[in-house]
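Dear colleague,

Please find below the structure I promised to hand over, followed by my notes on what was found in it. I have tried to keep the notes in an order that can be followed with the model open.

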Amino acid sequence: MAEAFLKVVLETLNNLIQKEFGLLRGVNKEMEKLSSTLSTICAVLEDAEEKQYKDKAIENWLLKLRDASYELDDILDEFSMEAPQLGFKEKSSKLTKKVQASFMSCFHPMNVIFRYQIANRMKEVFDRLDGIANERMKFHFHEIVEDRHIKVRERRQTGPIITQPQVYGREEDKEKIVNFLVGKAIDFEYVSIYPIVGLGGMGKTTLAQLVFNDNRVNMHFELKIWICVSDDFDVKRLIRAIIESVSGKTCDALEMDPLQRKLQEMLQNKRFLVVLDDVWNEDEEEWDKLKYVMSCGSKGCSIIVTTRLQKVASIMGTIPMHHLSSLSEDDCWLLFKQRAFGNMNEERPNLVKIGKKIVKKCGGVPLAAKALGGLMHFKREENEWLFVMESEIWNLPQDENSILPALKLSYFHLPLELRQCFVFCAIYPKDHKIKKDHLIYLWMANGFISSKGDMEVEQIGNEICNELYWRSFFQDAEEDEFGSIQNFKMHDLVHDLAQSIVKDEYRYVEADGSIDMSRRVRHVTCNYNSKPTCVIPCGLDYVEFLRTFLILRDTKLDFNALKLPSHWNFRSIRAFDSNFFELTSISPLIKKAKHLRYLNLSYTGIRRLPNSILSLKNLQTMDLSFCDALKKLPKHLSRLTNLRHLNIKECRSLSHMPPNIRQLTYLKTLTFFIVSKRRGCHLDELQGLDLGGYLEIRNLEKVGMPMDAKRANLARKRNLKELDLSWTSQGRNGEVESQKDVEKILEALEPPPGLTILKITNYKGGSFPKWLSNTMLENLVHITLLNCKNCLKLPNLKKLPYLKSLGIYDMDFVQFMDNESCDEELVGGFVSLDSLYISALPNLEKLSRDEGIDFFPCLSKIRVEDCPKLSLPCLPSVRQLEVTECNKVLFESISNLHGLTYLDIDGNNDMSFFPGGMLQNLPNLQSLEFMRLANFRALRSLPEWFGNFESLQEFHIERCPRLTCLPMSIQSLTKLQKLYLISCPELEERCKETGEDRQKISHIPEVYKAFLFTNRYREYKFWLQLERLN
């Protein structure tokens, strides 16, 4: 890790040398000498990183190097910030111009003092690093680590023989693979390649051995070959190894041609199985060289590949990769018990109890269970077992068969840039859902990643996240509709690996207790589970060089707003994140945090930002989202010229934007823009900004002319994915706007083709723009049209191929969801629509003009509110229906949805009973599993045909105060598992233990009564207080 960070510092140093910053104080020669020294140190760090785990002196040397590197990074960062203020300008064509421009400012007293101080600090750290460089000589490091791959392969030799007495929890995996090999594989024209993927120590090799030795496999294949590949994917070596495995003799051929010929002769027309164990190769061309030589057998030939890397599996596999999941806790215990107690040792109950807690450390990884079990084998005293249970796994004794050394192989296979990005994740608690964008911004703030060529730094960060996921360092990834990873987690043992590498440099702490903190700590996360009395917990006050400070808290905790302490002294801070933490002022932070690049104050009660925030010249990311009380941004925000991400989503108290946003030329994210007549606040401020992600534009009634909207240049913002366009509901100063002008303005706001989410609110035009019906916006997935009251019909959305969610609200004239009759060219429509939300559409009659045509083939969820004329057609795919303000016409059409499994009907205060004919076919909904009836305040009884819902499993009756009894037929609902009676006092009384309806519900396992109340924390939420009646 030291190597990766030192390379970042070296790159910064060389950049300053190139720009001749050293000329300001005559330290240019020292800077060049230091660059040479750092380069020399970097050359041996790969060797030092691996040796530190066995040599304490090398570990201490690396710690000294890391401390000095951090200090140098601070100095160089400060130097690069202050140099422009000293009158320095970047290298121009003539040096005399540069000297002349800066001559007078260089002699300003403050500048002279700064130059003197920075030069002295530089020389001091230069001397320290020079001493560290000289000290390296006594360790005899290798500048080039020779034969490293061979050493790894020698350390990781495997064979086909199962070397453990019992394998637990892999029978299902084995059966799946064996069934494929002796079954479906015969249908493949060419050799089938089956990749097994999993974390180090997960048992991939063991599973391959189980398959390799299965009797069905032995009978099916003529040849079976096992090759341990490891990270030396030398094609010639592998061919020779296969030949020797088949022939049982040493192969003397040296050249590739005779080797290839001999291998093909051996495999020709034979059905063979080859296991390539522990593959790390990511070079597809190298793999092709081996694969095509082996493509000479008969049908049914197969290759099993085991690897830790999903990327390898995707390159090599011809079928979907087999992800090897964690063992169950029970199987882990059996494996642990086998090693800890063996066949002879007595299982003492007190040790068994402790052992089951130790097993939780394993995270379902077999190697960890075996290693910990083996560690306990000769420990018979309870205190010895308790010590292991209470210790972190990286503090326990480690040998080459332990889990952390096994996982370190994966770490050392990472490129340098990925290593420090990975270990940074130790700052999060275990099992934490890590937001990808948040992590990337923190990497940026700490200087771990930078742009390369035409690739922006955010793109580099995204690639690194994907790479770490493909290498199994991340898991449980959550993706958006287009397969882009949004969130992920780390396996507990991978988190242990990261923590074992960073040691005291990264800390996650519970802020409620006392904190013992090393002075070397650089990155800290504090978790608040109880009401805090201060922002900075005791124990952090004396940490001098903190770079990252994150706050986590239980969002249900309510506590008074706090101020940052005036003695805040984190002068090296790069990232500060206090979301959901009630801060009222951040002035102490800004006063001393000149290196700050990431500031997250989201969900806080902050009302204003101090003007001193403009001194944060390096600030890249500022997240103020959901700051309800924030009334304005600093007037001269445009001075933060390095700002890349400004998140002010849902800052509803903001009334206007600061002027001249266009000057923030690096800006990539601007979530909210308020159009104003003020100078520098017009919509054309967005013209030159390359914005991406989410953008809401409000107060569009203040756009003067369509050309002003055109100048916003939305169509060219190719990274924009979500767009929210809104007018105020009153219009300009309460006056009626020209309908034609509004239509032209919206036409001019055409979004880019890659847009996925679109929302239009309070649009006053009479028709929608052409681009909304244009197939150029084919990537649209979600569309919401809200309060567009003047529009006579909807745009032609049925042609959008990927549209999954559609919401239409408050439109008075719309009669049909599709605005045209179906022509001969188009059969059906809305081919991908999954969810439909419609509300306050008084004239909506049907979903489609042509109900006989196959519209909505994938529609599974409908939510309807206040649509008095709507009748639903036959939609076999619909599984969930939610209806509010239900009317007779809609009631009678519900039975057309034959596949319903979920039905929620809320609101009809006038109905005292279900009249004849209404819902007459509803009992035909044989698939219904969940039903909710709510707010039928006049309803007195339920019909007997409720007993026909034979699949019903859960039934809610809510706020039906006059409902006096349940139908006798409820006894026929034999699958009903849960009955909820919510705010139905008479019914609740009858269902008590002595009540009249008790016998009717005796077969239902769980019966509850409940009432509703509200609690406010930022928004109204309904909570159910349940009481069980049986």
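**The parallel sheet**

Strand S2 and strand S3 (residues 272–279) are paired in the parallel sense, with seven bridges between them. Within this pairing, Leu223 has Phe272 of S3 as its bridge partner. Please keep in mind throughout that this is a predicted model. The two strands belong to an open sheet of five strands, ordered S2-S3-S4-S1-S5, in which the pairing is parallel. Strand S2 (223–230) and strand S5 (322–323) are at the edges and have a single partner strand each, so one side of each is left without a neighbour in the sheet. Helix H8 (residues 204–212) packs on this sheet, where it touches strand S1 (192–197), S2, S3, strand S4 (302–307) and S5, and the direction of H8 makes about 170° with that of S2.

**The chain as a whole**

For orientation, the protein chain has 1030 residues, of which 53% count as buried, and its secondary structure comes to 27 helices and 33 strands. If one takes the contacts between residues at least 6 apart in sequence, 64% of them join residues that are at least 24 apart.

**Two helices in contact, and a covered one**

The axes of helix H14 (residues 329–340) and helix H16 (residues 366–376) come within 7 Å of each other and cross at roughly 30°. Angles under 35 degrees count as roughly parallel, and H14 is therefore roughly parallel to H16. The crossing in which H14 passes H16 is right-handed. On the H14 side the contact is made by Cys332, Leu335, Phe336, Arg339 and Ala340, while H16 contributes Pro366, Ala369, Lys370, Leu372, Gly373, Gly374 and Met376. Sorted by class, the contact of H14 with H16 has eight nonpolar, two polar and two charged residues.

Helix H18 (residues 403–412) is mostly covered, with nine of its 10 residues buried. The buried residues of H18 are Ile403, Leu404, Ala406, Leu407, Lys408, Leu409, Ser410, Tyr411 and Phe412, so that Lys408, a lysine, is listed among them.**The antiparallel sheet and Lys436**

A second open sheet has three strands in the order S6-S8-S7, and here the pairing is antiparallel. Its edge strands are strand S6 (434–435) and strand S7 (475–479), each of which pairs on one side only. S7 and strand S8 (residues 485–489) are joined in the antiparallel sense over three bridges, and Glu479 stands opposite Ile485 in S8.

Is Lys436, which is found in helix H20 (residues 436–445), buried or exposed? At 6% relative accessibility, Lys436 counts as buried, because the cut-off for that class is under 20%. Leaving aside neighbours within four places in sequence, Lys436 is in contact with Asn462, Cys465, Ser484, Ile485, Gln486, Asn487 and Phe488. With one of these, Asn487, the separation is 51 residues in sequence but 5.4 Å in space, taken from C-alpha to C-alpha.

**Strand S10 and its partners**

Strand S10 (residues 523–528) is mostly covered, with six of its six residues buried. Both of its faces are covered, since His523, Thr525 and Asn527 on one side and Val524, Cys526 and Tyr528 on the other are all buried. S10 runs parallel to strand S9 (residues 506–510), to which five bridges join it, and Tyr506 stands opposite His523 in S10. S10 also pairs in the parallel sense with strand S11 (residues 548–553), over six bridges, and in that pairing Tyr528 stands opposite Arg553 in S11.

**Ala934**

The last item concerns Ala934, which lies in strand S29 (residues 930–934) and which, at 0% relative accessibility, counts as buried. Not counting residues up to four places away in sequence, Ala934 touches Ile905, Asp906, Gly907 and Glu958. The C-alpha atoms of Ala934 and Ser983 are separated by 9.8 Å, the two residues being 49 residues apart along the chain.

With best regards

Note on methods
Residues numbered from 1 in each chain as written. Predicted model: local features only at pLDDT ≥ 70, side-chain atom pairs only at ≥ 80, totals over all residues. Heavy atoms only, no water. Axes fitted to C-alpha atoms, helices over the stretch in contact; angles between N-to-C directions. Helix = DSSP H or I, 4+ residues; strand = E, 2+ residues; numbered from the N terminus. Parallel < 35°, antiparallel > 145°, perpendicular 65-115°, else oblique. Left-handed = near helix turned anticlockwise from the far one by under 90°. Contact = heavy atoms within 4.5 Å. Nonpolar A, V, L, I, M, F, W, Y, C, P; charged D, E, K, R; others polar. Pairing = 2+ DSSP bridges. Buried < 20%, exposed > 50% of the residue type's maximum accessible area, 1.4 Å probe, protein only.
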